[in-house]
Amino acid sequence: MPSVAPSADRPPDAGPPTAIRVRGAERVLELEWPDLAAQVPFRALRLACPCAACVSETTGRRILDPATVPETIAPQEVALAGNYALRVTWQGGHDTGLFTWRYLREIAAAAHAA
């Protein structure tokens, strides 16, 4: 999957998904909007985490080392964060990244195009 980093030119129609499903056997997060459906591999989602531990707050450069994220990574919990984002708690306890609807849609669109 192509690398996706948070950007200023996100799609304007990025409301909440109409469906969010954790597919453990397939190791994907399935996301649906009226005009887009995608399966985002768990590892790709973890690598796209937008939190300050994964992306430098000063440069915007991704600092998470992909070699530290196992191929078998899986979420322990996926929950809504208010009305604007998804919070994923990963194996190992990492849970500081909030995936806003706009950013999740960017990730889903990249997964769909791959």
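These legends describe close-up views of a predicted model.

**View 1. Three strands form an open sheet.**
The strand order is β1-β2-β3, and the pairing is antiparallel. β1 (19-23) and β3 are the edge strands, and each of them pairs on one side only. From one strand to the next, the twist averages 15°. Five bridges hold the β1 and β2 pairing. One of the residue pairs between strands is Arg21 with its bridge partner Glu30 in β2. β2 and β3 are joined by six bridges, again in the antiparallel sense. Here Leu29 has Val40 of β3 as its bridge partner. The link from β2 to β3 is a hairpin through two residues.

**View 2. The side chains of β3 alternate between two faces.**
Leu36, Ala38 and Val40 point to one face of β3 and are buried. Ala37, Gln39 and Pro41 point to the other face and are not buried. Val40 belongs to the largest nonpolar core as well. In the sheet, Val40 is the bridge partner of Leu29.

**View 3. Helix α2 lies across the sheet.**
α2 lies across β1, β2 and β3. Its direction makes an angle of about 85° with β3. α2 spans residues 101-113. This helix also contributes six residues to the largest nonpolar core, the most of any element.

**View 4. The largest nonpolar core draws on several elements.**
This core holds 28 residues. Val40, Leu45, Phe99 and Leu104 touch the most other members. At least two core residues come from each of β2 (28-33), β3 (36-41), α1 (42-47), β5 (85-90) and α2 (101-113). The biggest share is from α2, with six residues. In soluble globular proteins, nonpolar side chains tend to be buried together.

**View 5. Leu45 has many partners from elsewhere in the sequence.**
Leave out residues up to four places away in sequence, and Leu45 touches Leu29, Val40, Val88, Trp90, Phe99, Leu104 and Ile107. Three of the partners named here, Val40, Phe99 and Leu104, join Leu45 as the core members that touch the most others. Leu29 and Val40 are also bridge partners across β2 and β3.

**View 6. His94 sits in a loop and is buried.**
His94 is in the loop between β5 and β6 (98-100). Its relative accessibility is 17%, so His94 counts as buried, the cut-off being under 20%. Apart from neighbours within four places in sequence, His94 is in contact with Arg46, Cys49, Cys51, Ala53, Cys54, Val88 and Thr89. Val88 is a contact of Leu45 too.

**View 7. Arg27 has a positive phi.**
Arg27 is in the loop between β1 and β2. Its phi is about 60°, although Arg27 is not a glycine. Most residues other than glycine have a negative phi. At 30% relative accessibility, Arg27 is partly exposed.

**View 8. Salt bridges form a network on β1 and β2.**
The model has five salt bridges by the rule used. Arg21, Arg23, Glu30 and Glu32 are linked in a network of them. The side chains of Glu32 and Arg21 meet at 2.8 Å, N to O. Glu32 is in strand β2 and Arg21 in strand β1, 11 residues apart. Both are partly exposed: Glu32 has a relative accessible area of 26%, and Arg21 has 29%. Arg23 and Glu30 form another salt bridge, at 3.1 Å, N to O. Arg23 is partly exposed at 31% relative accessibility. Glu30, by contrast, is buried at 13%. Glu30 is also the bridge partner of Arg21 in the sheet.

**View 9. A salt bridge ties helix α1 to a loop.**
Arg43 and Glu71 meet through their side chains at 3.6 Å, N to O. Arg43 lies in helix α1, while Glu71 lies in the loop between α1 and β4 (75-81), so the salt bridge ties together parts that are 28 residues apart in sequence. Glu71 is exposed, with a relative accessibility of 60%.

Methods: Residues are numbered from 1 along each chain as its sequence is written. This is a predicted model: local features need pLDDT of at least 70, side-chain atom pairs count only at pLDDT 80 or more; totals for chains, interfaces and linings use all residues. Side-chain values use heavy atoms; hydrogens and water are left out. A nonpolar core is a set of buried Ala, Val, Leu, Ile, Met, Phe, Trp, Tyr and Cys residues joined through side-chain atoms within 4.5 Å. Buried means under 20% relative accessible area, exposed over 50%, partly exposed in between (1.4 Å probe, protein chains only). Helices (H or I, at least four residues) and strands (E, at least two) are DSSP runs, numbered from the N terminus. Contact means heavy atoms within 4.5 Å. Two strands pair if DSSP finds at least two bridges between them. Axes are lines fitted to C-alpha atoms, for helices over the stretch in contact, and angles run from 0 to 180 degrees between N-to-C directions. A salt bridge is a side-chain nitrogen of Lys or Arg within 4 Å of a carboxyl oxygen of Asp or Glu.
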